[in-house]
Every structure is written in C-alpha cells, then in structure tokens.
Amino acid sequence: MGFKIEFTDLHKQYKLMEAEIDVAIKKVLNSTKFINGPELGELETKLAQFCQTKFAMGVASGTDALLMPLMAINLQPGDEVITTPFTFIASAEVIALLKAKPVFVDIDPQTYNIDANKIEDKITKKTRAIIPVHLYGQMADMDKIMDLAKKYNLIVIEDACQSIGAEYKGRKACSMGDFGALSFFPAKNLGCYGDGGMVLTNNENYAKKIRMIRQHGSEIRYEHTLLGLNGRLDTLQCAILLVKMKYLNQWLEHRTRLGLRYSEQLKDYVQTPFINPNNKHVFNYYAIKTERRDELNKYLNDHGIPTAIYYPKPLHLQECFKTLGYKKGDLPISEKTSDQILSLPIYPEMPEEEQDMVVETVIDFFKK
Ligand SMILES: *Cc1c(COP(=O)(O)O)cnc(C)c1O
C-alpha cells in the first residue's frame with residue numbers, strides 16, 4: 001500500500017486553506033479581542049442563515065449547546081426528558097446533570113434514530129422535553145416528533161451535533177425544534193480547532209436567555225439575573241469557523257457523494273445506511289451494520305483501514321445511569337445495533353482510490 005488511509009484527515013483539510021486560516025488567526029491575535037470579538041457576531045449571523053433560524057448563539061461546546069437550552073426552560077429536578085440511548089453520552093448527560101431524568105426510547109432499526117412511534121408511550125405528566133438526535137448526518141422523524149410536542153406541550157431540542165446541513169423535507173437541522181444544538185468538535189462536519197458549539201432558535205426570549213446563560217447569567221456586567229456558566233465560544237474559534245464556513249456546502253456535497261458511492265458498492269455485503277426519502281443525509285459518519293462486525297473490524301484494522309464504533313454501548317446500560325434502573329434487554333434494537341455497527345473512513349477530501357481500497361478490503365473479507 002503506497003499511502004496511509006485516514007479515518008478523517010484534518011491535516012489535509014488545513015493544508016488546503018492554510019493561508020486563509022493563518023491570516024484569520026493572526027488578525028485575532030493582533031486585535032487581542034479573544035473573548036466576544038467581532039467574529040462571534042459574524043459567525044452567528046452566518047450560521048443562523050445557514051440553519052434557517054432567526055438566532056444563533058456561539059457556546060463553548062456541543063455539550064453546552066444541549067445543556068443551556070435545558071437551563072433556559074428551567075428544567076427542574078424530577079422532570080423527565082425523552083431521548084435515544086444510541087448516541088454520544090452528552091445527549092443524555094445534560095439531562096441528568098440538572099437532576100432531571102433521561103427517559104430512553106428505542107431506535108428505528110433502519111435509520112438508528114429515535115423511533116418516533118415509540119415516544120408517546122413514554123410521555124408522563126413529568127415530561128418536559130424531547131431531545132431527538134440526528135445521528136450520523138440524518139435527521140430524526142421530525143414531523144411525528146413535533147406533532148407529539150404540540151399535543152403534549154413539550155420542548156424539542158434537536159441534537160444536530162453530527163448533522164449541520166442535513167435536511168428533512170427541505171428544512172435544515174436545527175430549524176424545526178424549539179432549539180437546535182451544534183458541535184464544532186474537530187471531527188464534526190464543521191469543526192474548529194478546539195471545542196465549540198452553537199445554539200439555534202427562532203424564539204427571541206430563548207435567544208436572550210442563552211446569551212445570558214453563556215456569560216454567568218449576565219447582560220450588564222456584574223449584574224447577574226440568572227445562574228449561568230462560562231460557556232462562550234472564543235474569538236479564535238469563530239475566526240477559524242468563518243473561513244471553514246465558506247467550504248461547508250462543498251464539503252457536505254463530497255460527503256454525500258462518497259456516502260452514496262460506498263453504499264452502491266457495499267450493499268450486497270452489509271446493511272448500508274438507509275436514507276429516509278424525506279431526508280438529505282450529510283454523512284458525518286458512514287456506518288454499516290453486520291452480524292460479523294467484530295471480525296470485520298479486526299480484518300480492516302489488520303489491513304491498514306482505520307474504523308470506529310459509534311457507539312459500542314447504549315446509554316441505558318452505562319454505569320453513570322445505573323440508578324435509572326435499566327437492564328440488558330430493555331431496549332433491544334439499540335443493544336443489537338451497538339454490537340453490529342461499524343463506521344468506515346469518510347471525509348470530504350477522501351480520494352476515490354482510497355475509498356476503493358476500503359471497499360475492496362470489506363469485500364475481500366466477505367469473500368474469504
Ligand atoms: C459530538 C456530540 C455531542 C457533544 O459535542 P461536544 O462539542 O463534544 O461537546 C453531543 N451529541 C452528539 C450526538 C455528538 O455527536
């Protein structure tokens with residue numbers, strides 16, 4: 001093999017825009033406006049436009065972008081919030097951090113997103129909100145979720161940390177719920193060079209509250225109306241993201257093209273990602289499913305192909321949620337999927353020859 005296959009290649013991406021990034025960073029360094037510099041507002045305007053929302057508030061991480069909306073709605077100890085167990089820990093962690101109770105609903109076996117048909121059974125008098133996660137780059141079944149939210153007067157927070165730019169019936173991720181949350185963790189579809197996140201909303205009152213919460217509950221310096229956090233997005237990250245935003249649509253197109261190209265070649269061997277006809281999938285991850293996952297994973301790694309498992313253990317079985325009282329078998333589709341899912345390398349700059357080598361190696365495994 002003449003080259004090394006990367007799972008995602010952030011160095012290659014940096015090299016393609018090195019001059020622009022370096023200029024943007026220098027500008028901030030010379031301005032010394034490291035906190036709340038002008039790039040923050042500029043980025044927020046651009047992202048609100050991109051996500052089809054009225055307001056965008058930069059925050060310190062995707063996790064904060066989920067936590068702050070729950071703080072803004074005054075989530076109380078004992079309140080319940082419905083979400084999926086087949087996601088990154090942050091989606092549910094934020095609920096429990098506020099002493100509220102995560103209520104897990106099993107996933108759809110095809111999209112791996114929360115099964116919207118199973119939500120209503122779990123709604124009680126204590127339910128305050130639903131956090132659907134748009135997993136891997138595909139939005140959850142939002143019409144059904146929004147109908148339930150309306151019927152039971154619940155808040156919807158879209159966890160779009162993996163799905164900036166994804167669409168459901170032509171509507172962008174983050175534009176349908178009361179809030180949307182984005183992460184700029186480096187490996188996300190729009191990543192910064194550190195931690196970062198964004199809260200999106202159409203509600204002016206919520207926007208105002210999030211702006212206060214990210215800055216110690218304060219609008220006027222040393223006047224603290226609410227309890228908040230130090231949860232700001234710093235100016236350097238904003239400057240970097242402003243450069244990267246110019247390429248975002250192009251990157252998402254490349255990801256979608258590569259994702260569909262994988263599926264075309266692998267569909268006879270593994271379960272390739274099912275794309276709901278309402279959706280535009282932006283492939284933050286390309287995840288296949290097979291009963292021989294562990295063997296295939298080892299084979300690929302032995303042949304120089306990096307892989308990842310998102311996620312090997314569903315959240316209802318995590319030690320930190322032990323007191324919620326779930327046990328193995330409670331959410332069988334999530335559990336089975338955790339045993340069978342495998343993510344293959346994908347990134348916008350991935351050459352087709354590299355992708356072909358991944359495909360050939362997967363096919364070799366099944367032909368042996
Ligand atoms: C990455 C991610 C988060 C958390 O984002 P951070 O920026 O790492 O805090 C939350 N939810 C999902 C689904 C994610 O993939």
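The second largest cavity of this predicted model is lined by Gln110, Thr111, Tyr112, Leu135, Tyr136, Gln138, Pro273, Phe274, His281 and Ala287. Its volume is about 60 Å³. Six of the lining residues are nonpolar and four are polar. No charged residue takes part in this lining.

In total, two cavities of 30 Å³ or more are present in the structure. The largest cavity holds about 90 Å³ of space. Its lining consists of 16 residues. Closest to the centre are Leu10, Gln13, Lys188, Arg255 and Pro348. Two elements each give two or more residues to this lining, namely helix H1 (10–16) and helix H8 (235–266). The greatest contribution is that of H8, with three residues. By class, the lining of the largest cavity divides into seven nonpolar, four polar and five charged residues. Charged residues thus occur in the lining of the largest cavity, whereas the lining of the second largest cavity has none.

The pockets were examined next. The largest pocket has a volume of about 360 Å³. It is lined by 21 residues, of which Thr63, Phe88, Ser183, Phe185 and Lys188 are the closest to its centre. H4 and H5 are the elements that supply two or more residues to this lining. H4 provides the largest share, three residues. The lining of the largest pocket has 10 nonpolar, eight polar and three charged residues. Lys188 appears twice in this account. It is among the residues closest to the centre of the largest cavity, and it is also among those closest to the centre of the largest pocket.

The ligand sits in the largest pocket. The elements that give two or more residues to the shell around the ligand are helix H4 (62–72) and helix H5 (90–97). These two helices hold the corresponding place in the lining of the largest pocket. Within the shell, the largest share comes from H4, with three residues. The ligand is surrounded by 16 residues in total. Gly62, Thr63, Asp159, Ser183 and Lys188 are the closest of these. Six residues of the shell are nonpolar, eight are polar and two are charged.

Polar contacts to the ligand involve both backbone and side-chain atoms. A polar backbone atom of Gly62 lies 2.8 Å from an oxygen atom of the ligand. For Thr63, a polar side-chain atom is 2.5 Å from a ligand oxygen atom. Lys188 also presents a polar side-chain atom, and this atom is 2.8 Å from an oxygen atom of the ligand. The ligand exposes 380 Å² when taken alone, and the protein buries 93% of that area. Two of these contact residues, Thr63 and Lys188, are also among the residues closest to the centre of the largest pocket.

The second largest pocket has a volume of about 190 Å³. Its lining is made up of Leu70, Met71, Ala72, Asn74, Leu75, Pro77, Leu98, Lys209, Ile213, Leu226 and Leu227. H4 and helix H7 (204–213) are the elements that give two or more residues to this lining. H4 gives the most, with three residues. Nine of the lining residues are nonpolar, one is polar and one is charged. Helix H4 therefore recurs across these sites, by the assignment of helices as DSSP runs. It gives three residues to the shell around the ligand, three to the lining of the largest pocket and three to the lining of the second largest pocket.

Two features of the backbone were also noted. The peptide bond from Tyr310 to Tyr311 is cis, and its omega is near 5 degrees. Tyr311 is located in the loop between helix H9 (293–302) and helix H10 (332–340). Lys99 shows a positive phi of about 65 degrees, although this residue is not a glycine. Lys99 belongs to the loop between H5 and strand S3 (101–104). Helix H5, on one side of that loop, is also one of the elements that give two or more residues to the shell around the ligand.

Note on methods. Residues are numbered from 1 along each chain as its sequence is written. This is a predicted model: local features need pLDDT of at least 70, side-chain atom pairs count only at pLDDT 80 or more; totals for chains, interfaces and linings use all residues. Side-chain values use heavy atoms; hydrogens and water are left out. A residue is near a molecule or strand if one of its heavy atoms lies within 4 Å of it. A polar contact is a pair of N or O atoms within 3.5 Å; within protein, one must be able to donate a hydrogen and the other to accept it, and residues adjacent in sequence count only if both atoms are side-chain atoms. Accessible areas come from the Shrake-Rupley method with a 1.4 Å probe; for residues, only the protein chains shown count as cover. On a 1 Å grid over the protein atoms alone, a cavity is a set of points where a 1.4 Å probe fits but cannot get out, and a pocket is an open set with protein on both sides within 12 Å along at least five of seven lines; lining residues have an atom within 4 Å of a point. A molecule sits in a cavity or pocket if more than half of its atoms lie within 2 Å of its grid points. Helices (H or I, at least four residues) and strands (E, at least two) are DSSP runs, numbered from the N terminus. Ala, Val, Leu, Ile, Met, Phe, Trp, Tyr, Cys and Pro count as nonpolar, Asp, Glu, Lys and Arg as charged, and the others, Gly among them, as polar. Grid points are joined across faces, edges and corners, and a volume is the space filled by probe spheres set on the points.
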